[in-house]
Amino acid sequence: MTTMIPYGRQNISEADIQAVVDVLRSDYLTQGPAVPAFEQSIVDYCSVQHAVAVNSATSALHIACLALGVGKGDIVWTTPITFVASANCALYCGAQIDFVDIDPHTYNMSVERLAEKLAHAEAICKLPKVVIPVHLCGQACDMASIYKLSQHYGFKIIEDASHAIGGKYLDEPIGNCCYSDITIFSFHPVKIITTGEGGIAVTNNHLLAKHMHLLRSHGISNTITDMQPRPAQEIWNYQQIALGFNYRMTDMQAALGVSQIRRLDEFVAKRHAIAKRYDELLADMPIFTPWQHTDSYSGYHLYVIRLKLDEINKTQRQVYEAIIAAGILVNLHYIPVYRQPYFEEMGFKLGYCLQAEQYYSEAISIPLYPNLTEAQQEQVVTVIQKEICNE
Ligand SMILES: *Cc1c(COP(=O)(O)O)cnc(C)c1O
(Lines give C-alpha, C1' and ligand atoms only; values in the text may rest on other atoms or scores of the structure.)
Protein backbone atom coordinates (compact mmCIF):
# COMPACT_ATOMS: atom_id res chain seq x y z
CA MET A 1 0.00 0.00 0.00
CA THR A 2 1.17 3.54 -0.77
CA THR A 3 1.88 5.96 2.05
CA MET A 4 -0.96 7.84 3.68
CA ILE A 5 -1.76 11.38 2.63
CA PRO A 6 -2.78 13.53 5.65
CA TYR A 7 -5.25 16.43 5.38
CA GLY A 8 -2.62 18.87 6.63
CA ARG A 9 1.08 18.81 7.38
CA GLN A 10 3.86 21.16 8.45
CA ASN A 11 6.65 22.29 6.11
CA ILE A 12 10.02 22.35 7.89
CA SER A 13 13.18 23.58 6.12
CA GLU A 14 16.84 23.21 7.05
CA ALA A 15 16.78 26.92 7.98
CA ASP A 16 13.91 26.23 10.42
CA ILE A 17 15.91 23.41 12.03
CA GLN A 18 19.01 25.59 12.24
CA ALA A 19 17.02 28.40 13.88
CA VAL A 20 15.86 26.04 16.65
CA VAL A 21 19.35 24.54 17.06
CA ASP A 22 20.79 28.04 17.42
CA VAL A 23 18.44 28.70 20.34
CA LEU A 24 19.39 25.39 21.95
CA ARG A 25 23.05 26.47 21.87
CA SER A 26 22.24 29.95 23.24
CA ASP A 27 21.81 31.26 26.80
CA TYR A 28 18.01 31.36 26.87
CA LEU A 29 15.57 28.58 26.04
CA THR A 30 12.68 30.69 27.27
CA GLN A 31 12.18 34.40 28.10
CA GLY A 32 15.08 35.27 25.80
CA PRO A 33 15.24 37.42 22.67
CA ALA A 34 13.39 35.10 20.23
CA VAL A 35 9.87 35.76 21.57
CA PRO A 36 10.02 39.58 21.14
CA ALA A 37 11.62 39.01 17.70
CA PHE A 38 8.74 36.74 16.69
CA GLU A 39 6.19 39.22 18.06
CA GLN A 40 7.83 41.97 16.00
CA SER A 41 7.72 39.83 12.84
CA ILE A 42 3.98 39.29 13.34
CA VAL A 43 3.43 43.01 14.08
CA ASP A 44 5.22 43.88 10.83
CA TYR A 45 3.47 41.22 8.77
CA CYS A 46 -0.03 42.06 9.99
CA SER A 47 0.38 45.86 10.15
CA VAL A 48 -0.80 45.85 13.73
CA GLN A 49 0.67 47.59 16.77
CA HIS A 50 1.05 44.93 19.47
CA ALA A 51 1.53 41.17 19.63
CA VAL A 52 1.59 38.84 22.65
CA ALA A 53 2.96 35.38 21.87
CA VAL A 54 1.70 32.47 23.96
CA ASN A 55 1.88 28.68 24.09
CA SER A 56 -1.30 28.08 22.06
CA ALA A 57 -4.18 29.85 20.34
CA THR A 58 -6.38 28.42 23.07
CA SER A 59 -4.35 30.41 25.64
CA ALA A 60 -4.52 33.46 23.38
CA LEU A 61 -8.33 33.20 23.27
CA HIS A 62 -8.45 32.84 27.06
CA ILE A 63 -6.32 35.92 27.83
CA ALA A 64 -8.08 37.89 25.07
CA CYS A 65 -11.44 37.22 26.76
CA LEU A 66 -10.02 38.13 30.17
CA ALA A 67 -8.44 41.33 28.85
CA LEU A 68 -11.83 42.34 27.45
CA GLY A 69 -13.32 41.82 30.90
CA VAL A 70 -15.29 38.64 30.20
CA GLY A 71 -16.43 37.08 33.46
CA LYS A 72 -19.32 35.54 35.35
CA GLY A 73 -22.68 36.79 34.11
CA ASP A 74 -21.33 37.73 30.68
CA ILE A 75 -22.33 36.16 27.38
CA VAL A 76 -20.01 35.34 24.47
CA TRP A 77 -21.14 34.31 20.98
CA THR A 78 -19.24 32.39 18.34
CA THR A 79 -19.98 30.15 15.36
CA PRO A 80 -20.88 26.47 15.84
CA ILE A 81 -18.59 25.48 12.95
CA THR A 82 -15.25 25.90 14.68
CA PHE A 83 -12.82 24.10 16.92
CA VAL A 84 -14.11 23.83 20.50
CA ALA A 85 -11.44 26.28 21.75
CA SER A 86 -13.34 29.23 20.21
CA ALA A 87 -16.16 28.49 22.66
CA ASN A 88 -14.23 27.14 25.65
CA CYS A 89 -12.43 30.46 26.22
CA ALA A 90 -15.73 31.99 27.38
CA LEU A 91 -16.38 29.08 29.73
CA TYR A 92 -12.88 29.40 31.27
CA CYS A 93 -13.90 32.94 32.30
CA GLY A 94 -17.15 31.76 33.85
CA ALA A 95 -19.21 33.32 31.06
CA GLN A 96 -22.02 31.75 29.05
CA ILE A 97 -21.53 30.68 25.45
CA ASP A 98 -24.01 30.83 22.60
CA PHE A 99 -23.83 30.20 18.86
CA VAL A 100 -24.84 32.10 15.72
CA ASP A 101 -25.69 29.95 12.69
CA ILE A 102 -23.47 29.98 9.60
CA ASP A 103 -23.79 31.44 6.12
CA PRO A 104 -24.49 28.58 3.67
CA HIS A 105 -21.98 29.90 1.10
CA THR A 106 -18.92 30.86 3.16
CA TYR A 107 -19.67 28.61 6.18
CA ASN A 108 -18.63 31.56 8.36
CA MET A 109 -20.88 33.17 10.97
CA SER A 110 -23.91 34.57 9.13
CA VAL A 111 -24.25 38.33 9.47
CA GLU A 112 -28.03 38.08 8.89
CA ARG A 113 -28.41 35.54 11.69
CA LEU A 114 -26.14 37.66 13.89
CA ALA A 115 -28.24 40.79 13.27
CA GLU A 116 -31.48 38.93 14.05
CA LYS A 117 -30.07 37.34 17.17
CA LEU A 118 -28.75 40.71 18.41
CA ALA A 119 -32.12 42.40 17.94
CA HIS A 120 -33.76 39.61 19.92
CA ALA A 121 -31.03 39.64 22.60
CA GLU A 122 -31.43 43.39 23.05
CA ALA A 123 -35.16 42.95 23.59
CA ILE A 124 -34.57 40.42 26.37
CA CYS A 125 -31.48 42.22 27.80
CA LYS A 126 -29.09 39.39 26.97
CA LEU A 127 -26.63 41.05 24.62
CA PRO A 128 -23.20 39.43 24.27
CA LYS A 129 -20.14 41.15 25.69
CA VAL A 130 -17.87 39.60 23.06
CA VAL A 131 -18.49 38.02 19.65
CA ILE A 132 -15.84 35.67 18.24
CA PRO A 133 -16.07 35.31 14.45
CA VAL A 134 -13.86 32.54 13.02
CA HIS A 135 -12.32 32.83 9.55
CA LEU A 136 -13.15 29.24 8.63
CA CYS A 137 -10.65 27.53 6.31
CA GLY A 138 -8.88 30.92 6.07
CA GLN A 139 -11.69 32.80 4.35
CA ALA A 140 -12.38 36.15 6.05
CA CYS A 141 -15.74 36.79 7.70
CA ASP A 142 -17.76 39.85 6.69
CA MET A 143 -15.88 41.92 9.25
CA ALA A 144 -17.12 45.34 8.12
CA SER A 145 -20.72 44.30 8.81
CA ILE A 146 -19.87 42.59 12.09
CA TYR A 147 -17.95 45.69 13.18
CA LYS A 148 -20.92 47.89 12.31
CA LEU A 149 -23.17 45.72 14.47
CA SER A 150 -20.64 45.93 17.31
CA GLN A 151 -20.83 49.73 17.18
CA HIS A 152 -24.60 49.61 17.35
CA TYR A 153 -24.94 47.00 20.09
CA GLY A 154 -21.75 47.70 22.04
CA PHE A 155 -20.02 44.32 21.97
CA LYS A 156 -16.29 43.62 21.55
CA ILE A 157 -14.81 41.45 18.80
CA ILE A 158 -12.10 38.78 18.94
CA GLU A 159 -11.26 37.39 15.49
CA ASP A 160 -10.29 33.73 15.72
CA ALA A 161 -7.91 33.73 12.75
CA SER A 162 -6.36 30.35 13.60
CA HIS A 163 -6.91 29.33 9.95
CA ALA A 164 -6.16 32.64 8.37
CA ILE A 165 -2.63 33.96 8.81
CA GLY A 166 -1.31 35.12 5.46
CA GLY A 167 -4.84 35.84 4.24
CA LYS A 168 -6.35 39.22 3.42
CA TYR A 169 -9.66 40.99 3.89
CA LEU A 170 -10.39 43.92 1.57
CA ASP A 171 -6.74 43.77 0.46
CA GLU A 172 -5.43 44.29 4.00
CA PRO A 173 -3.74 41.60 6.11
CA ILE A 174 -5.94 39.60 8.45
CA GLY A 175 -4.69 40.53 11.91
CA ASN A 176 -4.53 44.30 11.39
CA CYS A 177 -7.50 44.56 13.81
CA CYS A 178 -9.22 47.28 11.77
CA TYR A 179 -12.56 45.63 12.56
CA SER A 180 -11.83 43.97 15.89
CA ASP A 181 -10.32 44.52 19.33
CA ILE A 182 -8.05 41.49 19.24
CA THR A 183 -7.14 38.86 16.62
CA ILE A 184 -5.63 35.51 17.54
CA PHE A 185 -3.59 33.06 15.43
CA SER A 186 -2.61 29.41 15.99
CA PHE A 187 0.74 27.86 15.15
CA HIS A 188 -0.21 24.22 15.65
CA PRO A 189 1.58 22.06 13.02
CA VAL A 190 -1.52 21.59 10.84
CA LYS A 191 -2.02 25.36 10.58
CA ILE A 192 -0.40 27.63 7.99
CA ILE A 193 2.86 28.32 9.83
CA THR A 194 3.95 26.46 12.94
CA THR A 195 5.91 26.79 16.17
CA GLY A 196 5.11 23.19 17.25
CA GLU A 197 2.51 24.47 19.68
CA GLY A 198 1.89 28.18 19.92
CA GLY A 199 -0.41 31.09 19.40
CA ILE A 200 -0.46 34.86 19.44
CA ALA A 201 -2.88 37.67 20.21
CA VAL A 202 -2.55 40.94 18.29
CA THR A 203 -4.22 44.28 18.95
CA ASN A 204 -3.92 48.00 18.30
CA ASN A 205 -4.98 48.75 21.88
CA HIS A 206 -1.99 49.38 24.13
CA LEU A 207 -3.90 48.60 27.35
CA LEU A 208 -5.27 45.31 26.06
CA ALA A 209 -1.74 44.31 24.98
CA LYS A 210 -0.34 45.21 28.37
CA HIS A 211 -3.05 43.25 30.17
CA MET A 212 -2.52 40.15 28.00
CA HIS A 213 1.24 40.43 28.51
CA LEU A 214 0.68 40.35 32.26
CA LEU A 215 -1.76 37.42 32.10
CA ARG A 216 0.53 35.19 30.03
CA SER A 217 3.13 35.17 32.82
CA HIS A 218 1.40 34.75 36.21
CA GLY A 219 0.16 38.35 36.40
CA ILE A 220 3.71 39.31 37.39
CA SER A 221 5.28 42.63 36.45
CA ASN A 222 8.74 44.05 37.05
CA THR A 223 7.90 47.44 35.58
CA ILE A 224 8.35 49.99 38.38
CA THR A 225 5.36 52.07 37.33
CA ASP A 226 3.07 49.01 37.59
CA MET A 227 4.30 48.08 41.05
CA GLN A 228 2.76 49.20 44.34
CA PRO A 229 5.01 51.28 46.62
CA ARG A 230 6.63 49.18 49.36
CA PRO A 231 9.18 50.04 52.09
CA ALA A 232 12.40 51.20 50.39
CA GLN A 233 14.61 48.78 52.36
CA GLU A 234 12.69 45.71 51.08
CA ILE A 235 13.62 43.94 47.86
CA TRP A 236 10.77 44.01 45.34
CA ASN A 237 12.22 42.97 42.01
CA TYR A 238 8.76 41.90 40.83
CA GLN A 239 5.17 41.97 41.98
CA GLN A 240 2.15 39.86 41.16
CA ILE A 241 -0.58 42.37 40.45
CA ALA A 242 -3.16 40.14 38.72
CA LEU A 243 -4.03 36.42 38.57
CA GLY A 244 -2.25 35.17 35.46
CA PHE A 245 -1.03 31.89 34.03
CA ASN A 246 2.09 30.31 32.63
CA TYR A 247 1.12 30.65 28.98
CA ARG A 248 4.59 31.66 27.75
CA MET A 249 5.99 30.61 24.39
CA THR A 250 9.55 29.22 24.49
CA ASP A 251 12.44 30.68 22.51
CA MET A 252 12.75 27.44 20.50
CA GLN A 253 9.16 27.89 19.36
CA ALA A 254 9.52 31.60 18.64
CA ALA A 255 12.72 31.07 16.63
CA LEU A 256 10.89 28.48 14.54
CA GLY A 257 8.11 31.03 14.06
CA VAL A 258 10.50 33.74 12.88
CA SER A 259 11.98 31.31 10.38
CA GLN A 260 8.55 30.06 9.21
CA ILE A 261 7.03 33.51 8.68
CA ARG A 262 9.69 34.19 6.03
CA ARG A 263 7.97 31.54 3.88
CA LEU A 264 4.39 32.47 4.80
CA ASP A 265 3.52 34.18 1.51
CA GLU A 266 5.07 31.29 -0.39
CA PHE A 267 3.01 28.79 1.65
CA VAL A 268 -0.24 30.65 1.03
CA ALA A 269 0.48 31.02 -2.70
CA LYS A 270 1.15 27.28 -2.87
CA ARG A 271 -2.10 26.57 -1.02
CA HIS A 272 -3.96 28.74 -3.52
CA ALA A 273 -2.40 26.92 -6.47
CA ILE A 274 -3.41 23.55 -5.00
CA ALA A 275 -6.93 24.82 -4.24
CA LYS A 276 -7.31 26.14 -7.79
CA ARG A 277 -6.26 22.77 -9.17
CA TYR A 278 -8.81 21.01 -6.95
CA ASP A 279 -11.48 23.48 -8.14
CA GLU A 280 -10.75 22.39 -11.71
CA LEU A 281 -10.31 18.67 -11.11
CA LEU A 282 -13.44 18.37 -8.96
CA ALA A 283 -15.65 20.67 -11.04
CA ASP A 284 -17.82 18.00 -12.65
CA MET A 285 -18.35 15.84 -9.61
CA PRO A 286 -21.45 15.84 -7.38
CA ILE A 287 -19.89 18.14 -4.79
CA PHE A 288 -19.68 21.83 -3.92
CA THR A 289 -16.13 23.17 -3.98
CA PRO A 290 -15.33 26.11 -1.64
CA TRP A 291 -17.03 29.32 -2.75
CA GLN A 292 -14.84 32.38 -2.22
CA HIS A 293 -16.10 35.87 -1.46
CA THR A 294 -14.33 38.55 -3.51
CA ASP A 295 -13.57 40.56 -0.32
CA SER A 296 -11.39 37.71 0.90
CA TYR A 297 -8.00 36.32 -0.07
CA SER A 298 -8.03 33.10 1.93
CA GLY A 299 -5.14 31.72 3.93
CA TYR A 300 -6.51 28.37 2.69
CA HIS A 301 -5.82 26.37 5.82
CA LEU A 302 -8.47 23.88 4.70
CA TYR A 303 -10.14 22.76 1.49
CA VAL A 304 -13.65 21.59 2.38
CA ILE A 305 -15.87 19.83 -0.15
CA ARG A 306 -19.62 19.39 0.40
CA LEU A 307 -21.21 16.24 -0.94
CA LYS A 308 -24.40 16.60 -2.99
CA LEU A 309 -25.86 13.59 -1.25
CA ASP A 310 -28.99 13.46 -3.40
CA GLU A 311 -26.72 12.76 -6.38
CA ILE A 312 -24.53 10.20 -4.60
CA ASN A 313 -25.88 6.81 -3.61
CA LYS A 314 -23.77 6.57 -0.45
CA THR A 315 -23.91 8.26 2.93
CA GLN A 316 -21.39 10.89 3.97
CA ARG A 317 -19.97 8.42 6.47
CA GLN A 318 -19.55 5.73 3.81
CA VAL A 319 -17.72 8.16 1.51
CA TYR A 320 -15.56 9.46 4.38
CA GLU A 321 -14.57 5.98 5.54
CA ALA A 322 -13.91 4.71 2.01
CA ILE A 323 -11.55 7.63 1.30
CA ILE A 324 -9.68 6.98 4.55
CA ALA A 325 -9.48 3.26 3.76
CA ALA A 326 -7.78 4.26 0.50
CA GLY A 327 -5.05 6.03 2.50
CA ILE A 328 -6.30 9.59 2.13
CA LEU A 329 -6.65 10.87 5.70
CA VAL A 330 -9.54 13.28 5.20
CA ASN A 331 -11.12 14.97 8.20
CA LEU A 332 -14.28 16.86 9.15
CA HIS A 333 -14.09 20.50 10.21
CA TYR A 334 -16.24 20.62 12.27
CA ILE A 335 -18.90 18.86 14.29
CA PRO A 336 -21.10 21.79 15.48
CA VAL A 337 -19.60 22.67 18.87
CA TYR A 338 -22.97 22.63 20.65
CA ARG A 339 -23.49 18.98 19.65
CA GLN A 340 -20.47 17.93 21.72
CA PRO A 341 -21.67 16.05 24.82
CA TYR A 342 -20.19 18.68 27.14
CA PHE A 343 -22.24 21.40 25.44
CA GLU A 344 -25.38 19.27 25.17
CA GLU A 345 -25.26 19.02 28.95
CA MET A 346 -25.63 22.82 29.02
CA GLY A 347 -28.96 22.39 27.24
CA PHE A 348 -28.14 22.82 23.54
CA LYS A 349 -30.33 20.62 21.36
CA LEU A 350 -30.17 19.08 17.90
CA GLY A 351 -31.71 21.54 15.44
CA TYR A 352 -30.28 24.65 17.13
CA CYS A 353 -28.37 25.89 14.04
CA LEU A 354 -29.83 24.30 10.94
CA GLN A 355 -27.29 25.56 8.39
CA ALA A 356 -24.43 24.37 10.59
CA GLU A 357 -26.01 20.94 10.93
CA GLN A 358 -26.63 20.71 7.18
CA TYR A 359 -22.99 21.65 6.53
CA TYR A 360 -21.78 19.08 9.07
CA SER A 361 -23.77 16.35 7.31
CA GLU A 362 -22.09 17.03 3.94
CA ALA A 363 -18.57 18.40 4.59
CA ILE A 364 -15.24 16.62 4.19
CA SER A 365 -11.81 18.32 4.42
CA ILE A 366 -9.45 16.93 1.81
CA PRO A 367 -5.62 17.15 1.86
CA LEU A 368 -4.15 20.64 1.44
CA TYR A 369 -0.61 21.61 2.44
CA PRO A 370 2.33 23.14 0.58
CA ASN A 371 4.23 19.89 0.03
CA LEU A 372 1.27 18.03 -1.46
CA THR A 373 2.57 16.94 -4.88
CA GLU A 374 0.59 17.02 -8.12
CA ALA A 375 0.70 13.22 -8.20
CA GLN A 376 -0.69 13.02 -4.67
CA GLN A 377 -3.37 15.52 -5.56
CA GLU A 378 -4.38 13.39 -8.54
CA GLN A 379 -4.47 10.35 -6.28
CA VAL A 380 -6.84 12.21 -3.93
CA VAL A 381 -9.09 13.24 -6.81
CA THR A 382 -9.13 9.71 -8.28
CA VAL A 383 -10.16 8.22 -4.93
CA ILE A 384 -12.92 10.82 -4.45
CA GLN A 385 -14.18 10.24 -7.98
CA LYS A 386 -14.29 6.48 -7.46
CA GLU A 387 -16.23 6.87 -4.22
CA ILE A 388 -18.81 9.45 -5.24
CA CYS A 389 -19.36 9.11 -8.97
CA ASN A 390 -21.72 6.30 -9.77
CA GLU A 391 -19.89 3.78 -11.92
C1 LIG B 1 -6.55 25.20 15.98
C2 LIG B 1 -7.61 26.12 16.39
C3 LIG B 1 -7.67 26.70 17.67
C4 LIG B 1 -6.76 26.30 18.77
O5 LIG B 1 -5.43 26.39 18.44
P6 LIG B 1 -4.30 25.81 19.40
O7 LIG B 1 -3.09 26.60 19.00
O8 LIG B 1 -4.18 24.35 19.09
O9 LIG B 1 -4.71 26.05 20.80
C10 LIG B 1 -8.67 27.62 17.93
N11 LIG B 1 -9.58 27.96 17.00
C12 LIG B 1 -9.56 27.40 15.79
C13 LIG B 1 -10.59 27.84 14.79
C14 LIG B 1 -8.60 26.46 15.44
O15 LIG B 1 -8.62 25.90 14.23
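Colleague: Where is Tyr334 found, and what makes the peptide bond before it cis?

Modeller: In this predicted model, Tyr334 sits in the loop between β16 (328-329) and α11 (341-344). The bond that joins His333 to Tyr334 has an omega of about 10 degrees, and it is a cis peptide bond. Most peptide bonds are trans.

Colleague: What makes Ser47 and Cys125 worth listing, then? What is the sign of phi in Ser47, and what is it in Cys125?

Modeller: Ser47 has a phi near 55 degrees, which is positive in a residue other than glycine. Cys125 is not a glycine either, and its phi is positive too, at about 55 degrees. Most residues other than glycine have a negative phi. As for their places, Ser47 belongs to the loop between α2 and β2 (50-54), and Cys125 to the loop between α5 and β5 (130-132).

Colleague: Let's turn to the helix pairs. Why are α2 and α8 called roughly parallel to each other?

Modeller: Their axes cross at roughly 30 degrees and come within 8 Å, where α8 covers residues 251-261. Angles under 35 degrees count as roughly parallel, and α2 and α8 are therefore placed in that class. The handedness has its own label: α2 passes α8 in a left-handed crossing.

Colleague: Which residues make the contact of α2 with α8, and how do they divide by class?

Modeller: On the α2 side they are Ala34, Val35, Ala37, Phe38, Ser41, Ile42 and Tyr45, and on the α8 side Asp251, Ala254, Ala255, Gly257, Val258 and Ile261. By class, this contact of α2 with α8 has 10 nonpolar, 2 polar and 1 charged residues. Gly counts as polar in this scheme.

Colleague: How do you know whether α5 and α6 are roughly parallel or oblique to each other?

Modeller: Helix α5 (residues 111-123) packs on helix α6 (residues 143-153) at an angle of about 10 degrees, with the axes 10 Å apart. The cut-off for roughly parallel is under 35 degrees, and therefore α5 and α6 are roughly parallel to each other. From α5, the residues Val111, Leu114, Ala115, Leu118, Ala119 and Glu122 meet Ser145, Ile146, Leu149 and Tyr153 of α6. The contact of α5 with α6 divides into 8 nonpolar, 1 polar and 1 charged residues.

Colleague: And why are α3 and α7 called oblique?

Modeller: The axes of α3 (residues 57-67) and α7 (residues 206-216) cross at roughly 125 degrees and come within 9 Å. Roughly perpendicular runs from 65 to 115 degrees and roughly antiparallel needs over 145, with the rest counted as oblique. α3 and α7 are therefore oblique to each other. Their crossing is right-handed. Ile63, Ala64, Leu66 and Ala67 of α3 meet Leu208, His211, Met212, Leu215 and Arg216 of α7. That contact has 7 nonpolar, 1 polar and 1 charged residues.

Colleague: α7 has another role in the picture, I think. Which element gives the most to the lining of the largest pocket?

Modeller: It is α7, with 6 residues. At least two residues each come from α2 (34-46), α7 and β11 (220-221). The whole lining has 22 residues, and those nearest the centre of the pocket are His213, Arg216, Ser217, Ile220 and Asn222. The volume of this largest pocket is about 610 Å³. Its lining has 7 nonpolar, 10 polar and 5 charged residues.

Colleague: What makes a space a cavity rather than a pocket, and how many cavities of 30 Å³ or more does the structure hold?

Modeller: In a cavity a 1.4 Å probe fits but cannot get out, whereas a pocket is open. The structure holds 2 cavities of 30 Å³ or more, and the largest cavity has a volume of about 100 Å³. Of the 13 residues that line the largest cavity, Tyr107, Cys137, Gln139, Pro290 and Gln292 lie nearest its centre.

Colleague: Which classes appear in the lining of the largest cavity?

Modeller: That lining has 8 nonpolar and 5 polar residues, with no charged ones.

How values were computed
Residues are numbered from 1 along each chain as its sequence is written. This is a predicted model: local features need pLDDT of at least 70, side-chain atom pairs count only at pLDDT 80 or more; totals for chains, interfaces and linings use all residues. Side-chain values use heavy atoms; hydrogens and water are left out. Axes are lines fitted to C-alpha atoms, for helices over the stretch in contact, and angles run from 0 to 180 degrees between N-to-C directions. Helices (H or I, at least four residues) and strands (E, at least two) are DSSP runs, numbered from the N terminus. A crossing is left-handed if the near helix is turned anticlockwise from the far one by less than a right angle, and right-handed if clockwise. Contact means heavy atoms within 4.5 Å. On a 1 Å grid over the protein atoms alone, a cavity is a set of points where a 1.4 Å probe fits but cannot get out, and a pocket is an open set with protein on both sides within 12 Å along at least five of seven lines; lining residues have an atom within 4 Å of a point. Grid points are joined across faces, edges and corners, and a volume is the space filled by probe spheres set on the points.
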